[in-house]
Amino acid sequence: MGMRIGYGFDSHAFKPGVPLVLGGMKIEHPEGLAGHSDGDLLLHAITDALLGAVSAGDIGTFFPPSDMRWKDADSTIFLETALEEIATAGYRIVNMDCVLILQRPKIVPIAGEMRARVADLLHIPDRDVSIKAKTPEGLNHEGTAVAHVTVLLESLPEPGESRAKVAEVEDNAGADDTDDVLVRALIDGEEPYSTRRLGRKPSYDTDDLT
Ligand code: MG
């Protein structure tokens, strides 16, 4: 079983008069987050964690802020692209842990709803997503929101591989040891896909203003 880990970070400044969008949710608050897109830094950090886990570049690689198509864009678009990239590379999410650092609004009352929303966007159960919130004690960045995200991925079996292995084992093994051989074969067969199979191999561009 191949495993890969990813890490994502993002920060945005608060700005009066724009809607606050966090974790794919619109939140009632006098200020939103400045950004080229909708400013959803949690989804941006998640997107970077997923892309990083399969060495596929970062959010700025796919959605450069110089491209006006992404002006005020819904950040769920970025997340969907990252999910396609990990699936193309042959991986799925095991679990994700997120930390939000911001003074206001308080996240605790909405953390459950946000967790359910993020899990829904990732197509995984709520139990595989953790969202924690901290206030920026001693950091002197009350006007800024920050997100850190780690994700663990596991490899998917090659398409059709399991069926082929079963047929091979049934042909070659005696009745008594079929199960053991099958288990070993399936375990041996679950090598991760190479990330070189990604349809797009982006050049690195760390200019991320999304
Ligand atoms: Mg961002």
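Which residue in E7 is the bridge partner of Ala13? The partner is Thr144, and this pairing is a good way into a predicted model. Because the model is predicted, local features need pLDDT of at least 70 and side-chain atom pairs count only at pLDDT 80 or more, while totals for chains, interfaces and linings use all residues. Residues are numbered from 1 along each chain as its sequence is written, and side-chain values use heavy atoms, leaving out hydrogens and water.

**The sheet**

- Helices (H or I, at least four residues) and strands (E, at least two) are DSSP runs, numbered from the N terminus.
- Five strands form an open sheet in the order E4-E1-E7-E5-E6, with mixed pairing; two strands pair if DSSP finds at least two bridges between them.
- Strand E4 (31–33) and E6 are the edge strands, each pairing on one side only.
- On average, neighbouring strands of this sheet are turned by 20° against each other, direction ignored.
- E1 and strand E7 (residues 144–155) are antiparallel partners over eleven bridges.

**Helices on the sheet**

- H3 lies across E5 and E7 and runs at about 145° to E5; axes are lines fitted to C-alpha atoms, for helices over the stretch in contact, and angles run from 0 to 180 degrees between N-to-C directions.
- H4 also packs on the sheet, where it touches E5 and E6; contact means heavy atoms within 4.5 Å.
- The direction of H4 makes about 140° with that of E6.

**A closer look at H4**

- The buried residues of H4 are Ala111, Met114, Val118, Ala119, Leu121 and Leu122; buried means under 20% relative accessible area, exposed over 50% and partly exposed in between (1.4 Å probe, protein chains only).
- These buried residues cover an arc of only 160° around the axis, which puts them on the same side of H4; the arc is that of the directions from the helix axis to the C-beta atoms.
- On the face turned away from that buried side, H4 carries the exposed residues Gly112 and Glu113.
- Just after H4 comes His123, with a positive phi of about 60°.

**The magnesium ion**

- Its protein donors are Asp10 (OD), His12 (NE2) and His44 (ND1), at 2.0 to 2.3 Å from the ion; donors are N, O and S atoms within 2.8 Å of the metal (3.2 Å for Na, K and Ca), and water is not among the atoms, so sites may look incomplete.
- Asp10 lies in strand E1 (residues 3–16) and His44 in helix H1, so the pair ties together parts that are 34 residues apart in sequence.
- Both Asp10 and His44 are buried.
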